[in-house]
Amino acid sequence: MIHRRTSLPLRIGSVIVGGDAPIIVQSMTKTDTHDIPATIGQIRELEECGCEIVRVAVRDKEAAESISAIKKGISLPVIADIHFDYRLALLALQSGSDGLRLNPGNIGDRKQIAKVVAAAKEREVPIRIGVNAGSLPPNFEPDAPLAKRMVDAALAQAKLMEDLDFNLIKVSLKAFDVPTTVQAYQLIADKIPYPLHLGITEAGLPQSGAIRSAIGIGILLYQGIGDTIRVSLTAHPCDEVKAAYEILKSLGLRQRGPTLVSCPTCGRTEVDLIALAEAVNKYLEKIDKPIKVAVMGCVVNGPGEAKDADIGIACGKSKGAIFRKGKVVRTVPEEKLVEALIAEIEKF
Ligand code: SF4
């Protein structure tokens with residue numbers, strides 16, 4: 001049983017983050033924010049695959065101003081990702097941004113923060129203090145462990161915002177190194193009441209990046225830490241969203257779409273089970289119902305191992321048994337297995 005850390009809920013556009021709200025899945029567009037049609041197109045794709053909040057890179061004035069046109073074409077809340085220039089944050093707010101991400105490593109000047117906070121407060125727009133291990137502000141304890149320096153950077157900026165009577169704050173502490181990231185979030189968890197946005201930064205290509213993210217984000221979520229997540233992958237952003245839901249589904253924190261249980265195959269397998277599982281997976285990608293489907297290599301272990309599955313196949317020599325809730329309902333030849341399984345899923 002996971003007991004979530006208590007955090008102050010925030011509203012980002014129409015989405016609540018923190019408090020009792022579900023763990024929210026975020027991603028970031030990979031289009032040039034100047035290219036409004038391409039950015040709208042990618043945000044729509046992201047919405048379709050389950051993304052709930054999207055961040056866009058704001059690297060100049062034109063990108064900040066594009067937000068208002070982008071927002072007209074989408075329904076997801078938009079967070080403007082700001083580095084170096086606080087004036088871009090002000091422009092993004094004027095353009096209707098639903099949230100801001102500021103990096104304390106490159107926007108730390110008190111007067112500049114005060115201007116951004118005043119504008120965000122007026123619009124009730126939350127600000128994420130987005131600490132990144134690669135761009136930390138100077139620390140009075142330069143030899144302190146990296147996780148502590150990350151936490152110090154976040155706490156200093158949170159204090160600055162609190163002194164300005166602003167508490168619509170969310171915090172992230174991202175590093176590539178998983179133990180450092182986990183340690184940083186653990187250190188800050190009971191020091192502030194704000195929602196925490198989890199992620200392993202620059203996690204890499206889809207396979208290694210998803211594993212790295214699942215370990216870091218998974219450890220923290222299991223400890224009840226985290227209100228929103230983003231899996232950072234060198235891939236299409238929908239791959240990030242799919243990986244995020246796999247993490248949440250694995251911990252029983254969210255349900256979205258089907259879950260495929262498939263055996264690793266072994267010397268007992270007498271059909272092309274990998275091809276079969278891939279064909280079933282391709283079909284499942286098109287449906288959004290939370291159904292559990294099992295593709296198992298043999299009747300000895302199949303139904304038993306996948307007894308939690310709603311529908312499944314347990315294969316034998318050139319044939320397979322279709323089962324529902326662990327009970328065999330019929331047997332079909334290998335070449336008809338995918339078709340029969342799909343028919344059974346649709347009936348279910
Ligand atoms: Fe092997 Fe059967 Fe287990 Fe698949 S389900 S790994 S075929 S024993």
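# Working through a predicted model

By the usual distance rule, this predicted model holds 20 salt bridges. Let's start with those and move on from there.

**Exercise 1.** Find out which parts of the chain the salt bridge between Asp32 and Arg59 ties together.

*Solution.* Start with the pair itself: the two side chains, Asp32 and Arg59, meet at 3.3 Å, N to O. Now place each one. Asp32 sits in the loop between strand S3 (24-28) and helix H1 (36-48), while Arg59 sits in the loop between strand S4 (53-58) and helix H2 (61-72), so the bridge ties together parts that are 27 residues apart in sequence. Last, look at the surroundings: Asp32 is partly exposed, with a relative accessible area of 35%, and Arg59 is exposed, at 58%.

**Exercise 2.** Decide whether Arg254 is buried or exposed, and do likewise for Glu52.

*Solution.* The cut-off for buried is under 20% relative accessible area. Arg254 comes in at 15%, so Arg254 counts as buried. Glu52 comes in at 17%, so Glu52 counts as buried too. Their side chains form a salt bridge of 2.7 Å, N to O. This pair links distant parts of the chain: Arg254 is in the loop between helix H8 (237-250) and strand S11 (259-262), and Glu52 is in the loop between H1 and S4, 202 residues apart.

For another pair, try Glu141 and Lys148, whose side chains meet at 2.8 Å, N to O. Glu141 is partly exposed at 31%, and Lys148 is partly exposed at 30%. Elsewhere, salt bridges with shared partners join Arg324, Arg330, Glu344 and Lys347 into one network.

**Exercise 3.** Work out which side of helix H11 is buried, and what the buried residues pack against.

*Solution.* First list the buried residues of H11 (337-347): Leu337, Ala340, Leu341, Glu344 and Ile345. They span an arc of only 135 degrees around the axis, which puts them on the same side of the helix. The spacing makes sense in general terms: an α-helix has 3.6 residues a turn, so residues three or four places apart point the same way. Next, turn to the face directed away from the buried side; there you'll find the exposed residues Glu339, Glu346 and Lys347. Finally, check the partners of the buried residues: helix H9 (273-284) and strands S12 (292-296), S13 (311-316), S14 (319-324) and S15 (327-333).

**Exercise 4.** Identify the residues with the most contacts inside the largest nonpolar core, and the helix that gives the most to this core.

*Solution.* The largest core has 77 residues, and Ile82 and Leu173 have the most contacts inside it. Helix H5 (146-163) gives the most to this core, with 8 residues. Zoom in on Ile82: leaving out residues up to four places away in sequence, Ile82 touches Val58, Leu88, Ala89, Ala92, Leu100, Arg101, Leu102, Asn103 and Ile107. Apart from the largest core lies another one, of 25 residues, including Leu276, Ala277, Ile313 and Ile322.

**Exercise 5.** Describe the setting of Ala147 and its contacts beyond four places in sequence.

*Solution.* Ala147 belongs to helix H5. At 2% relative accessibility, Ala147 counts as buried. Setting aside neighbours within four places in sequence, Ala147 contacts Thr180, Gln183, Ala184 and Leu187. Take Leu187 from that list: the C-alpha atoms of Ala147 and Leu187 are separated by 8.0 Å, with their positions 40 residues apart along the chain.

**Exercise 6.** Locate Phe84 and Glu202, and give the phi value of each.

*Solution.* Remember the background: most residues other than glycine have a negative phi. Phe84 has a positive phi, near 70 degrees. Phe84 is in the loop between strand S5 (78-82) and helix H3 (86-94), and is exposed at 66% relative accessible area. Glu202 also has a positive phi, near 45 degrees. The loop between strand S9 (197-198) and helix H7 (206-222) holds Glu202, which is exposed at 56%.

**Exercise 7.** Say how many residues surround the ligand, and how they divide by type.

*Solution.* Begin with the count: 11 residues surround the ligand, and the closest are Cys263, Cys266, Arg268, Cys298 and Asn301. Then sort the shell: 5 of its residues are nonpolar, 4 polar and 2 charged.

Key:
Residues are numbered from 1 along each chain as its sequence is written. This is a predicted model: local features need pLDDT of at least 70, side-chain atom pairs count only at pLDDT 80 or more; totals for chains, interfaces and linings use all residues. Side-chain values use heavy atoms; hydrogens and water are left out. A residue is near a molecule or strand if one of its heavy atoms lies within 4 Å of it. Ala, Val, Leu, Ile, Met, Phe, Trp, Tyr, Cys and Pro count as nonpolar, Asp, Glu, Lys and Arg as charged, and the others, Gly among them, as polar. Buried means under 20% relative accessible area, exposed over 50%, partly exposed in between (1.4 Å probe, protein chains only). Helices (H or I, at least four residues) and strands (E, at least two) are DSSP runs, numbered from the N terminus. The arc is that of the directions from the helix axis to the C-beta atoms. Contact means heavy atoms within 4.5 Å. A salt bridge is a side-chain nitrogen of Lys or Arg within 4 Å of a carboxyl oxygen of Asp or Glu. A nonpolar core is a set of buried Ala, Val, Leu, Ile, Met, Phe, Trp, Tyr and Cys residues joined through side-chain atoms within 4.5 Å.
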